[in-house]
Amino acid sequence: MALIPIVILVAIVAILIFYNIDIKNKLNTFNNISKKINNLNVLQSFMDITGEDISVDEKIKKVNDVLIEKFEIKYSTIVVFNGAEYILKASNTDQKYWPNLTNLHMEEVFKESITNAVPKYITVDQEGEKLPYQKLDFGRAKSAMFFPLYIDNVYIGYWIIESSVMHAFDKVDTTLLEVIKDDIVALVKTVSYQEAMESIVRVDQFTGLYSAEYLYGQAKAKIDSATTSTVCMFRIANLEKINDDYGRNTGNNIVIAVANWVKTCITSDQVFVRYMGPKFAIVYVGQDNDSVVESLKELREDLESIEIESSIPGTKDYAKPLINFVLSTYYKGTGIEKVTAKLEEYLDKADKTEHNINFI
């Protein structure tokens with residue numbers, strides 16, 4: 001009879017053991033699912049940032065902030081090689097450390113990592129030691145993981161995470177960090193076209209206006225603040241004739257006078273650029289075609305009243321511009337370059353004596 005209580009106790013203990021094992025398995029499953037959900041959320045955040053109408057540098061900084069927040073990283077730094085130099089794109093370290101962080105490719109400890117495209121983990125073992133690459137920041141970081149970044153087997157920089165704790169990354173999930181690294185590379189690759197457009201924006205020497213590329217980069221966020229806008233392109237239709245009849249300097253002065261007059265008519269809500277040669281573009285943000293017609297009629301009248309004296313010696317003639325306008329609607333999120341290309345095509349094919357306000 002004494003055995004019965006012992007058997008019951010053993011059975012109860014066995015049941016509790018199996019129950020605890022089941023609970024542990026469920027918790028592990030839950031944690032794995034939770035990690036996967038978190039990773040998906042991070043990936044979604046990356047995708048959302050990529051689609052935002054902000055500059056490339058702002059996008060990379062926002063991605064770095066997401067990494068720091070979601071994965072509780074002490075320090076995170078992204079450095080990109082642009083073909084000529086290493087540029088620190090994002091970091092939450094003090095700026096005094098940035099020169100050192102942009103020269104990690106020169107450090108012997110990371111050269112093999114870059115050559116073989118594999119991550120490198122380094123840490124100190126006791127207080128008073130410093131990481132090999134540290135110059136001024138002896139106490140700032142005691143562990144670091146370095147990830148070289150490659151696009152299609154081409155080295156484009158690195159991502160480094162740091163901790164002020166020794167052996168901080170001993171048990172870290174490197175598979176997850178590799179996925180994050182790949183996401184960083186994907187972002188850099190995705191925004192490379194935007195970065196190229198931003199880098200080639202120039203200011204026209206005659207008019208002081210931005211070039212056409214400004215519409216596709218820096219001005220995009222402003223333009224897309226409205227659902228629809230009117231894009232107006234106009235051409236000094238007779239500029240070539242002015243150059244021939246009155247001299248190129250006269251033509252240049254006509255361009256400058258036209259640009260300066262339009263500047264006085266543009267509000268802060270509108271975008272005005274010198275598109276190319278005799279062509280200019282104005283984006284009336286948030287306005288439809290009909291709402292700008294009357295102001296354009298007045299603008300055309302004012303511009304065609306401009307008179308510039310001939311630059312040909314011995315002549316007193318005056319040149320007057322003929323202005324040909326064409327309008328179209330731009331819809332937020334679509335390709336504004338498609339709209340401007342269509343407007344340019346119309347103006348280039350139009351008769352050089354045409355000076356109307358047209359809609360396409």
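**Close-ups of a strand network**

**View A. The β4–β5 hairpin in this predicted model.** Strands β4 and β5 make a hairpin, with 2 residues sitting between them. Look in the turn for D152, which has a positive phi of about 50 degrees. Past the turn, the strands run antiparallel, and 9 bridges join β4 to β5 (residues 154–163). One spot to find is A144, which stands opposite E162 in β5.

**View B. β4 and its pairing with β3.** Strand β4 covers residues 143–151, and 8 of those 9 residues are buried, so this strand is mostly covered. Strand β3 (residues 120–123) pairs with β4 in the antiparallel sense, over 4 bridges. Here A144 turns up again, now as the bridge partner of I122. Keep in mind that side chains in a regular strand alternate between the two faces of the sheet.

**View C. β1 meets β5.** Now move to strand β1, residues 75–81. Because 6 of its 7 residues are buried, β1 is largely enclosed by the rest of the structure. β1 pairs with β5 in the antiparallel sense over 6 bridges. To get your bearings, find T77, whose bridge partner in β5 is I160.

**View D. The β1–β2 hairpin.** β1 also forms a hairpin with β2, this one with 4 residues between the strands. G83 lies in the turn and has a positive phi of about 100 degrees. β2 spans residues 86–91, runs antiparallel to β1 and is joined to it by 5 bridges. Among the paired residues is I78, with A90 as its bridge partner in β2.

Key: Residues numbered from 1 in each chain as written. Predicted model: local features only at pLDDT ≥ 70, side-chain atom pairs only at ≥ 80, totals over all residues. Heavy atoms only, no water. Buried < 20%, exposed > 50% of the residue type's maximum accessible area, 1.4 Å probe, protein only. Pairing = 2+ DSSP bridges.
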